[in-house]
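Reader: Could you walk me through the interfaces in this model, chain pair by chain pair?

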Amino acid sequence: MKKKYSLFPGCLMPTEQYAYELSIRETLPLLGVELVDVEGFSCCGEPMKSVNQLLTVYLSARNLAIAEKHHLDVFAPCAMCHLALTECQHILEENPAMKERINGMLAAEGLQYTVKRQVVHTVDLLYDQVGIEKIKEHVKKPLNGLKIAAHYGCHIIRPSEIGRPDDSENPQKIEAILKVLGAEPVNYPQKLDCCGAPLLANLPESALTKTGQKLQAIQEQGIQGMVDVCPWCHKMFDSRQTKAGETVAAKLDVPVLYLTQLLGLAMGISGEKLGLELNLSPVEKLQLGDVK
Amino acid sequence: MSIIDLTSMGEPQSDLRKELNDRLTKLQDEISDYCFQCAKCTSGCESHKLLELEPHKIVALLKRGLLNELVNSDVIWTCMTCLKCRERCPQRVAPVEILFALKNMAVASGKQIPGKYTGMLQSILSMGLIQDIQQTTTRTNKTLKRDELGLPPLSKPIDVVKFQAGIMKIAMEKV
Amino acid sequence: MRRIGVFVCHCGINIAQTVDVEALSEYASHLNGVVVAKHYKYMCSDVGATLIKDTIKEFKLDGVVIASCSPRMHEHTFRRVANDGGVNPYRVEISNIREQCSWAHSNKEQATEKAKYLVRSAVSKALSLEPLKPSTLKVIPEALVIGGGIAGIQTSLDLADDGFKVHLVEREPSIGGHMAQLDKTFPTLDCSSCILTPKMMEVANHENIELLSYSEVASIEGSIGNYTVKIRKKPRYVDVDKCTGCGDCATACRLKDRIVSEFNQGMGKRGAAYMPFPQAVPLKYVIDDKKCLFLTKGKCGDEPLCKKACAPGAINFDQKEEIIERKVGAIVVATGYDVMDPTAVYEYGYEVSPDVITTLEMERLISSSGPTKGEILRPSNQQKPKSVTFILCVGSRDETQCTWCCRIGCMTALKQVYLLREKLGEDVEINVCYNDLRSFGKGYEEFYRKVRGLHTNMFRGRPSEVRTMKEYLKIDIFDTTTNKLFEIKTDMVVLVPAMMPRTDATEFARLLHLTLSGDGFFLEAHPKLRPVDTFVNGIFIAGCCQAPKDIQDTVSQASAAASRAATILSQEELEIDPLIAMVDEDVCTGCGICVEVCPYEARTLNERKRIAEVNDALCTGCGGCIAACPSNASIHKNFTKKQLLNMVDDIM
């Protein structure tokens with residue numbers, strides 16, 4: 001059965017983290033997922049949570065209402081977006097007064113939030129909706145035991161009480177996917193640590209130190225590369241890796257890919273189509289396909 | 001009768017405490033009163049080692065009603081929002097949510113918003129997203145934009161005026 | 001020729017890693033009189049026991065030496081094993097090569113040498129051990145319970161329901177103890193008197209219980225199975241058979257409302273003729289002979305008004321103290337605790353301000369049967385307080401006062417916070433100054449959580465002092481959760497005082513030959529395995545006289561003590577350990593020194609024969625008379641001078 005989702009791009013992925021979007025658009029349709037582009041989405045509101053939480057709830061509700069208008073479930077590839085949307089659903093379902101209030105405001109744009117639609121992230125979409133078996137069928141170039149660290153990102157595993165794509169303390173879905181791609185997922189003690197991105201807005205130095213510390217730990221453990229599943233995390237680990245290295249006085253050279261990029265490579269898709277040229281970390285070290 | 005913090009000669013701000021508790025109850029059903037100061041939050045706080053954030057202390061001060069001190073502090077802006085404190089609290093207290101509420105109160109009270117938050121907010125107001133399409137650099141130092149990669153047009157609010165009206169309305173309201 | 005078997009235990013590695021058990025066994029097998037020696041991993045196990053029994057039969061042994069742990073651990077076990085194998089159980093000698101050798105040393109060679117000496121001397125003693133037979137004693141199937149608090153009440157009811165006659169002695173005019181003073185109990189908030197009163201009534205009406213209130217134990221003689229108890233009945237000056245409990249005497253008393261009420265912790269007043277509390281059992285009035293004008297001054301106006309008022313003529317000023325005697329087979333001590341006098345921690349102002357009270361006093365304020373009918377009023381002005389502050393651990397966990405935790409203070413304070421919030425409403429500020437919050441019982445932690453949700457200001461720290469200001473009380477407290485010094489201005493301070501042994505615990509322990517632990521509470525025979533036994537056979541302890549505890553634990557312990565007592569009372573006869581003193585009648589000169597030194601009154605002088613005798617039932621085998629006897633006529637069976645000297649010779 002074909003799965004159909006509205007692709008909720010958020011802010012960061014469609015405005016700078018193009019590699020994630022490219023690799024998603026390349027891989028998922030081949031695995032039987034239909035992605036529908038919907039007009040009119042806005043920021044999920046999560047980046048504004050420190051400023052005004054009500055704005056966060058409002059923006060998320062607005063985006064959910066747009067999807068609802070098109071009778072579509074939502075695929076949010078960004079961990080922050082996924083948390084904002086899920087938490088918004090949680091609040092509106094638990095608090096009828098809030099739901100009424102928000103709907104009152106949404107009416108101005110002709111929108112309504114009424115039903116809780118499914119909101120998925122890349123990890124549960126691949127693991128629970130597509131399924132390991134189906135992915136296995138599409139693996140054409142297995143990854144030959146590449147030692148890979150999985151970085152989940154805080155927002156897709158916590159807080160568990162509102163339901164997250166994977167377990168909060170022992171997430172294993174990315175590892176399961178990596179295994180089926182022929183890679184060797186490596187367990188490392190820093191797995192659940194933050195990338196630092198939420199501090200970018202006001203304390204960028206500290207944010208990068210956090211990034212640097214995690215990458216350094218991975219490097220010291222001789223792990224060959226890292227995959228992530230969030231544009232914010234990727235921005236830190238890949239796009240800003242050199243800068244992050246400076247904060248911890250280390251020369252970092254950890255290849256970092258989006259999980260969907262690695263998936264695409266294993267499926268035999270070219271690095272170019274998967275946006276590999278946009279990765280700034282030394283992905284060539286992995287010697288995969290046509291990656292230079 | 002009364003409790004006074006002899007260091008600052010401040011009295012607890014029970015009205016502010018009530019406001020914050022209301023806020024939390026509406027959004028997270030969170031009751032900070034239950035905190036018994038085990039400090040598991042601070043033990044695992046991603047920001048603690050770098051920026052000296054002590055979530056358990058934040059909760060202690062909140063319980064004591066010393067809200068002004070918290071709202072006016074810079075330390076509330078050091079939270080990385082990793083959510084470990086909320087996930088692991090044995091009493092279901094969520095320091096991260098308390099911090100969000102404190103930051104909101106700081107903003108509402110007219111305090112200067114640090115960093116790029118204002119810029120992001122303005123961008124949302126004007127086009128719906130925290131930033132517009134960026135030029136990115138490739139491994140071979142080429143610069144590229146979204147359309148050059150064959151990606152479809154950006155999804156963003158169609159009627160910006162209506163969208164702005166909604167946001168302005170929110171800005172006037174309290175949680 | 002004797003035939004001794006030696007059995008060396010490895011005790012897992014406890015012995016074997018420091019003592020060469022094989023070498024020891026080999027050594028022992030060559031000792032004079034030894035026909036076989038064996039070693040095994042766990043001699044106390046079933047396999048070990050079978051090994052001993054089989055060896056006894058195979059080698060026709062008539063004596064056994066076990067080289068193992070302390071006789072305190074397994075002497076009893078091995079005696080039984082030997083008996084099953086066909087050797088007289090008193091022909092078993094334990095050589096303690098664990099506590100006295102392997103645990104004490106690290107050099108294996110030297111430890112093995114020492115073990116050889118120890119085993120050699122044990123063998124020499126085993127060679128001269130006499131076969132003994134225990135004598136028997138008839139058990140009196142009645143019990144004495146001392147103390148009529150919830151512990152004594154529970155023990156009495158359990159034993160009475162088991163069919164044993166119980167004599168319950170309570171020194172106050174009514175049973176009920178501290179529990180009767182409480183309003184509600186944590187964590188379930190059951191009304192204390194609602195759950196206690198039915199039990200008190202049951203005590204009063206139970207056909208197997210003789211309630212001796214306003215009475216004290218004067219002396220105890222005898223031993224397990226057969227104690228003679230003298231009880232001092234204090235005069236009530238009220239004939240309990242005639243008193244109807246109407247209260248006319250109390251209403252008439254000239255001193256009405258002029259004497260501090262003990263039951264109300266000084267928060268209320270009573271007269272000289274009084275009933276301690278409305279639900280008292282027995283429901284009989286009493287006249288306070290220390291306060292009554294007629295009893296102290298011989299004159300109460302023209303005539304005592306109480307006597308005039310009493311229609312049934314129950315007032316009797318001629319009553320005298322009476323000593324009665326009861327015979328019992330077992331005794332349960334449940335004499336409870338005292339609350340520490342908070343003036344000991346003077347800095348908290350208990351003596352300075354009437355608004356500084358204890359939790360027990362607060363309990364009387366909260367109670368609807370208390371002096372304020374349950375209204376919370378500030379003692380200094382009888383107004384509703386706007387702020388109440390609790391200070392926990394007053395005198396507890398304090399090297400200068402009571403080193404221990406009172407185990408009920410935290411929960412008592414939390415319970416009172418809950419009740420105060422209920423009675424005083426949301427507007428009243430409630431502060432709690434605590435060190436650790438110990439909420440360890442079933443449902444306690446949940447209760448603590450509930451109280452945290454009641455806008456309770458919890459300060460983690462111990463105030464240094466309470467200052468009595470003109471209009472309020474002032475407390476400075478450094479709160480370690482915020483690392484800040486706070487000043488609390490409050491209307492009332494509730495101190496949570498330590499729980500202490502009764503002031504007369506030492507004296508009482510001497511009366512019963514009980515041992516006290518370092519803290520002054522009665523010592524149990526083993527903290528884990530014999531928690532309600534004492535070192536005196538047939539005497540058990542329950543409740544707070546053993547250590548501070550809450551009502552739940554007290555009741556459990558009371559039932560445990562009843563059950564332990566019933567184990568004795570349900571037997572018709574008891575075996576008496578034969579390892580006690582005896583008299584060599586040919587040598588005894590009848591000097592009587594042994595009679596003087598015996599702490600158990602087991603030695604008497606036979607005037608006719610001019611010799612001293614031993615009462616087997618009373619002798620505990622302590623050895624006091626043996627050491628004291630100038631003519632070596634007092635002999636401890638199987639610990640004779642000859643036997644012991646042989647052992648010493650073998651070691652030297």
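Author: What follows takes the two interfaces in turn. This is a predicted model, in which local features need pLDDT of at least 70 and side-chain atom pairs count only at pLDDT 80 or more, while totals for chains, interfaces and linings use all residues. Residues are numbered from 1 along each chain as its sequence is written, chains are lettered from A and ligands numbered from 1 in the order in which they are written, and side-chain values use heavy atoms, with hydrogens and water left out.

Reader: Ok, chain B and chain A: how many residues does the contact take from each?

Author: Counting contact as heavy atoms within 4.5 Å, chain B gives 67 residues and chain A gives 75. Between them they bury about 6,000 Å², 60% of it on carbon and sulfur atoms, where buried area is the accessible area (1.4 Å probe) that two parts lose on being put together, summed over both.

Reader: Which three residues of chain B supply the most of its buried area there?

Author: Those are B:Glu87, B:Arg139 and B:Ile170, which supply 13% of the area that chain B buries against chain A.

Reader: And how many salt bridges between chain B and chain A?

Author: The count is nine, taking a salt bridge as a side-chain nitrogen of Lys or Arg within 4 Å of a carboxyl oxygen of Asp or Glu. One of them joins the side chains of B:Arg86 and A:Glu87, at 2.9 Å from N to O.

Reader: Switching to chain C against chain B, what's the extent?

Author: Here 28 residues of chain C are in contact with 19 residues of chain B, and the buried area is about 2,200 Å², with carbon and sulfur atoms giving 52%. On the chain C side, C:Arg449, C:Arg452 and C:Lys484 lose the most area to chain B, together 27% of what that side buries.

Reader: How many salt bridges does the rule find there?

Author: It finds three across the interface of chain C and chain B, and the side chains of C:Asp479 and B:Arg64 meet in a salt bridge at 3.0 Å, N to O.

Reader: Which strands are joined by bridges between chain B and chain C?

Author: Strand S1 of chain B (residues 2-5) and S26(C) run antiparallel, joined by four bridges; strands (E, at least two residues) are DSSP runs numbered from the N terminus, and two of them pair if DSSP finds at least two bridges between them. Within that pairing, B:Asp5 has C:Phe486 as its bridge partner in S26(C).
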